[in-house]
Amino acid sequence: MDYQKLIEHRNRTNLFSQYVGIEITDIKEGYAETKLITRKEHLNPAGAVHGGVLYSLADIATGSAAASYGYHIATVDSSFNFLRAGLNVTELKAVAKERKHGKRISFFDVSVYDQDGNELASGSYTYTQLKTQIEL
C-alpha cells in the first residue's frame, strides 16, 4: 500500500473533511493522524471547540487507520469521552492506533490533543472492512 497516495486520495475525496478543515497528515498500517487549524466557526457558544469537531477529527483519524489495509470501511460502533474543554485552542491533532485487526472487524483507540499536547478527548471505534478495495 502506498500510504502517501492513500493520504492524498482521502484528503481529496472526503468533501466533509475539506468543508470542516480536517487534514489527514499520516497513515501507516493500523495508524493515522489528522489535524485541524481551528477557526471561530469551530467554537461553541462558550468559546470552546465544539464537541462535534473533536468527534469528527477522531472519526476521520480512526477511519483512515482502518482504511490503511486498502479497503473501504464502515463504522460499526464508537465510544467517545470529552476530557477537558478546548479553550484557547489554535490547532488540534488526533492520533488513532489499532488495537486489533481482524478479517472483517477492527478496533481502534484515538486521542485528540490541542497545540500544547493536552488531551481533550479520547475514544474507541469499531469498523467493518467492506469488500471493495480503495482505488488509488
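**Figure 1. The salt bridge between Arg99 and Asp109 in the predicted model**. In this predicted model, the side chains of Arg99 and Asp109 form a salt bridge, with their closest N and O atoms 2.9 Å apart. Arg99 belongs to strand β4 and Asp109 to strand β5, so the salt bridge ties together parts of the chain that are 10 residues apart in sequence. Arg99 counts as exposed, because its relative accessibility is 59% and the cut-off for exposed is over 50%. Asp109, with a relative accessible area of 28%, is partly exposed. By the rule used here, the count of salt bridges comes to four, and this pair is one of them.

**Figure 2. The salt bridge between Glu33 and Lys93**. The closest N and O atoms of Glu33 and Lys93 are 3.5 Å apart. The pair links distant parts of the chain: Glu33 sits in strand β2, which covers residues 31-37, and Lys93 sits in strand β4, which covers residues 91-101. The two residues are 60 residues apart. Glu33 counts as buried because its relative accessibility is 14%, and buried means under 20%. Lys93 counts as partly exposed, at 35% relative accessibility.

**Figure 3. Asp26 and its surroundings**. Asp26 lies in strand β1, which is made of residues 22-28. The side chains of Asp26 and Lys28 meet in a salt bridge, at 3.5 Å from N to O. The side chains of Asp26 and Lys28 are also joined by a polar contact of 3.5 Å. Lys28 counts as partly exposed, with a relative accessibility of 44%. When neighbours within four places in sequence are left aside, Asp26 is in contact with Ile7, Tyr31, Ala32 and Glu33. One of these, Glu33, is the residue that forms a salt bridge with Lys93.

**Figure 4. Ala61 in helix α3**. Helix α3 spans residues 51-66, and Ala61 is part of this helix. Ala61 is buried, because its relative accessible area is 0% and the cut-off for buried is under 20%. Which residues touch Ala61, leaving aside its neighbours within four places in sequence? They are Ala32, Thr34, Ala94, Ala96 and Val110. For one of these, Thr34, the C-alpha atom is 5.5 Å in space from that of Ala61, although the two residues are 27 residues apart in sequence.

**Figure 5. His9 in helix α1**. His9 has its place in helix α1, residues 3-13. Is His9 buried or exposed? At a relative accessibility of 14%, His9 counts as buried. Not counting residues up to four places away in sequence, His9 touches Ile134, Glu135 and Leu136.

**Figure 6. A nonpolar surface patch with Phe107**. Val76, Ile105 and Phe107 make a nonpolar patch of about 230 Å² on the surface. Phe107 lies in strand β5, which covers residues 105-114. With a relative accessible area of 34%, Phe107 is partly exposed, and it can belong to a patch because that requires over 30%.

**Figure 7. Asn88 in the loop between β3 and β4**. Strand β3 covers residues 71-82, and Asn88 is found in the loop between this strand and β4. The phi angle of Asn88 is positive, at about 55 degrees, although Asn88 is not a glycine. Asn88 is exposed, with a relative accessible area of 70%.

**Figure 8. The whole chain, for orientation**. The protein chain has three helices and six strands. Read from the N terminus, the elements run α-α-β-β-α-β-β-β-β. The C-alpha atoms fill a box of roughly 45 × 25 × 20 Å along the principal axes. The radius of gyration of the protein chain is 14 Å, which agrees with the value near 14 Å for a compact globule with 136 residues. Of the 136 residues, 43% count as buried. Among the contacts with a separation of 6 or more, 64% are between residues 24 or more positions apart. The accessible surface comes to about 7400 Å², and 49% of this surface belongs to carbon and sulfur atoms.

Key:
Residues numbered from 1 in each chain as written. Predicted model: local features only at pLDDT ≥ 70, side-chain atom pairs only at ≥ 80, totals over all residues. Heavy atoms only, no water. Helix = DSSP H or I, 4+ residues; strand = E, 2+ residues; numbered from the N terminus. Polar contact = N/O pair within 3.5 Å; in protein donor to acceptor, adjacent residues only side chain to side chain. Contact = heavy atoms within 4.5 Å. Patch = residues over 30% accessible without salt bridge, like charges linked within 9 Å, V, L, I, M, F, W, Y side chains within 5 Å. Areas by Shrake-Rupley, 256 points an atom, 1.4 Å probe, with all protein chains shown as cover. Buried < 20%, exposed > 50% of the residue type's maximum accessible area, 1.4 Å probe, protein only. Rg over C-alpha atoms; globule rule 2.2 N^0.38 Å.
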